[in-house]
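Morning, everyone. Let me put the model up and walk you through a few spots in it.

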Amino acid sequence: MSSASPLPTSPDAQSNLHQGSLAILTLGAIGVVYGDIGTSPLYAFREALAQTGADGISRLEILGVLSLALWALIVVVTLKYVAFLSRMDNNGEGGVLSLMALAQRATGTRWPVVLLLGATGAALFYGDAIITPALSVLSAVEGLRTIPGFEAMTEPALLGLSLGILTVLFLAQSKGTAGVASLFGPICLVWFAVLAALGVWHVLQAPQILAAFNPLHAMTFLTTNGVTGLFVLGAVFLTVTGAEALIADMGHFGRKPIQLGWLSLVWPALSLNYLGQGAMALKALSDAQAAGHLLANADWFFLMAPEALRAPLVVLATMATVIASQAVITGAYSLTHQAIALGLLPRLTIRQTSAHQIGQIYLPVVNWFLFAGVVVLVFAFRSSSAMAAAYGIAVTGTMVVTTCLAFVIAWKHWGWNRVWAATLIAPFLALDLFFFGANMLRVTEGGWVPLAVAGVMGIVIFTWLKGRRAAMALAADQGADMDEIAQVLAQRLPTRIEGTAVFLTQDLDVAPAALLHNLKHNKALHRLSILLKVETTTKPWIAPQDRLAITQVDANFVRVQLRYGYLDKIDVPSDLARGEGLLDRPGGTSFFVGRNAIRFAARPTLPRWMTVIYMALHRNAADPTAWFAIPPNRVVELGSQIEL
């Protein structure tokens with residue numbers, strides 16, 4: 001499941017971070033990047049084996065399922081993400097929206113399919129972000145039933161405890177995680193060490209399980225089990241959920257620490273643990289056959305530990321799942337921030353939770369949207385096994401999107417021959433589509449949940465893009481040419497007042513509505529009027545000295561363009577002050593902002609349902625002056641109406 005770390009603080013802070021020791025960065029990556037995929041052993045092998053257990057479980061089925069899991073880690077994570085996709089970075093940044101931005105820059109933003117892929121990947125992520133906390137925490141808490149004396153723990157008690165942990169987690173988001181984030185790495189380091197140790201212990205008891213590394217077991221299983229094999233394949237995909245985080249968090253830790261963490265610790269630990277679970281299943285099968293019974297599926301992970309150590313293991317697993325959930329929640333904040341900057345979503349209220357780390361952010365709307373979804377899932381599915389069916393569709397969909405964007409980047413950005421790029425990408429895309437198709441078989445079992453969430457978010461993104469373009473086009477059609485207004489005012493100057501007026505606009509060639517309203521009602525013109533357009537580019541960072549572009553219209557007006565990267569912290573007053581003579585005039589500076597009210601037109605530009613949604617999004621968008629870091633006591637708001 002894709003996740004992301006908090007946004008990097010700035011180019012300078014990011015550079016300093018990457019200059020830190022490789023060991024420290026690798027430890028940080030282990031605590032953030034691998035939290036999700038690292039908790040997959042709690043349920044992945046159990047759920048995959050459960051798809052074969054209707055008439056008992058055989059040795060070949062154990063080896064086949066395990067072989068599929070091991071080779072999924074090798075091909076999907078190690079080859080595709082670690083070896084290939086980690087090299088596709090947008091100035092050091094990764095993730096589906098960063099890949100979209102890089103592909104847009106490579107194609108000159110002329111390909112609508114690139115925007116569609118990026119929006120689809122973003123929409124699918126929110127489905128992931130709701131399921132991950134619910135499934136991971138619930139699966140850890142269910143381990144209590146493997147502890148002697150707790151076997152009869154009731155379902156309401158498990159649900160209540162899980163919901164309590166999740167409630168505390170989401171309530172804590174507004175306080176920020178900077179104070180405890182330093183513990184994530186060490187806790188996850190212990191977690192992976194425990195995974196490996198448990199695995200080795202059981203592999204030594206049944207070393208024949210190493211035969212699962214033979215891919216023939218995987219191929220034989222798929223070819224001999226028909227539709228059941230596809231259901232198993234969909235469950236096996238749970239072993240690689242979280243692989244997207246390897247590229248999503250590159251900007252925070254760098255490529256080498258992420259690769260080193262996977263190759264030296266995470267991959268071996270996961271492989272050993274899955275082998276250990278398979279070895280335990282083989283030993284249980286031998287015991288069952290000796291007693292003349294069929295082998296039933298079990299909670300293999302927690303049963304790996306001796307009874308005396310299961311309680312500490314449940315506590316450790318719960319901490320690991322909370323860390324995994326935290327990574328996905330902060331990933332949702334990060335993705336939303338990027339989506340807003342790239343124009344896919346309206347501005348939302350963003351709060352800083354750390355005075356020292358700009359990347360520590362909190363979005364109340366996103367937080368409570370996720371929490372509401374988590375609560376609904378916990379009570380609707382009531383067990384991790386029931387919820388697992390809903391887990392893979394959104395993840396596989398995101399992987400398909402990522403692979404398609406990778407083809408565009410290899411072809412257009414890297415300059416590869418189209419045929420060679422397709423030849424390399426095709427096997428990965430075929431595998432992603434195969435996994436996606438296998439997960440689609442489980443739509444009726446709960447797979448519809450992430451699709452429904454993604455559908456809602458897709459409608460929101462599509463409506464915002466469509467409505468915003470329609471509103472801008474209408475404003476341009478109804479507006480007055482700025483050069484003509486400047487000429488008229490130069491010939492017949494109104495009353496002049498001291499100071500500088502900054503008019504925020506989205507089109508520098510059209511006179512801002514706020515300027516026209518000011519002239520109409522106040523009948524005055526400042527000594528200098530700045531027409532300011534703030535633009536977000538497809539680059540993650542733009543150096544402060546390169547952001548400002550100034551064009552003189554005449555003695556009264558100046559066109560100014562401020563360009564930011566989609567991960568830059570926006571501070572309009574500070575960046576305008578870099579322009580000599582812009583804000584240092586007598587009389588101070590006032591910022592004029594147009595507040596547009598959306599109304600229904602007699603001849604609609606958009607379908608009525610779309611206009612209703614766009615009106616709601618526009619009305620509830622955060623104050624743009626806060627987004628631009630403009631002091632409230634310097635803002636003058638003037639309203640106008642746009643009919644769609």
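Lys523 is exposed, because its relative accessible area is 54% and the cut-off for exposed is over 50%. This is a predicted model, by the way. Where does Lys523 sit? In the loop between helix H22, residues 513-522, and strand S4. Look at the backbone here. Lys523 is not a glycine, yet its phi is positive, about 50 degrees. Most residues other than glycine have a negative phi.

Arg382 is another such case. Its phi is near 70 degrees, again positive in a residue other than glycine. Arg382 lies in the loop between helix H16, residues 364-381, and helix H17, residues 384-388. Is Arg382 buried or exposed? Neither: at 33% relative accessibility, Arg382 counts as partly exposed.

One more loop residue: Asp299. You find Asp299 between helix H13, residues 255-290, and helix H14, residues 300-303. Asp299 has a relative accessible area of 15%, so it is buried; the cut-off is under 20%. What does Asp299 touch? Leaving aside residues up to four places away in sequence, Asp299 touches Leu42, Arg46, Glu142 and Thr146.

Now the sheet. It is open, with 6 strands and mixed pairing. The order reads S5-S6-S4-S3-S7-S8. Which strands are at the edges? S5, residues 548-552, and S8; each pairs on one side only. On average, neighbouring strands are turned by 25 degrees against each other, direction ignored. Helix H21, residues 482-491, packs on this sheet. H21 touches S4, residues 524-536, and S6, residues 557-564. The direction of H21 makes about 145 degrees with that of S6.

Stay with S7, residues 589-599. S7 runs parallel to S3, residues 495-504, and 4 bridges join the two. Phe503 has Phe592 in S7 as its bridge partner. How many bridges join S7 to S8, residues 635-643? There are 9, and these strands run parallel. Take two positions in that pairing. Gly594 has Leu638 in S8 as its bridge partner. Arg599 stands opposite Glu643, also in S8. As a reminder, in a regular strand the side chains alternate between the two faces of the sheet.

On to helix packing. I have two pairs.

Pair one is H6, residues 96-107, with H15, residues 310-341. Their axes come within 9 Å and cross at roughly 25 degrees. Angles under 35 degrees count as roughly parallel, so that is what H6 is to H15. Who meets whom? From H6, we have Val96, Leu97 and Ser98; from H15, Leu335, Gln338 and Ala339. The residues of this contact divide into 4 nonpolar, 2 polar and no charged.

Pair two is H7, residues 112-141, with H8, residues 155-171. Here the axes are 9 Å apart, and the angle is about 130 degrees. H7 and H8 are therefore oblique to each other. What hand does the crossing have? The crossing of H7 and H8 is right-handed. On the H7 side, the contact uses Pro133, Ala134, Val137, Leu138 and Val141. On the H8 side, look for Leu158, Leu159, Leu161, Ser162, Ile165 and Leu166. The residues of this contact divide into 10 nonpolar, 1 polar and no charged.

That's my tour. Questions, please.

Definitions and conventions:
Residues numbered from 1 in each chain as written. Predicted model: local features only at pLDDT ≥ 70, side-chain atom pairs only at ≥ 80, totals over all residues. Heavy atoms only, no water. Axes fitted to C-alpha atoms, helices over the stretch in contact; angles between N-to-C directions. Helix = DSSP H or I, 4+ residues; strand = E, 2+ residues; numbered from the N terminus. Parallel < 35°, antiparallel > 145°, perpendicular 65-115°, else oblique. Contact = heavy atoms within 4.5 Å. Nonpolar A, V, L, I, M, F, W, Y, C, P; charged D, E, K, R; others polar. Buried < 20%, exposed > 50% of the residue type's maximum accessible area, 1.4 Å probe, protein only. Pairing = 2+ DSSP bridges. Left-handed = near helix turned anticlockwise from the far one by under 90°.
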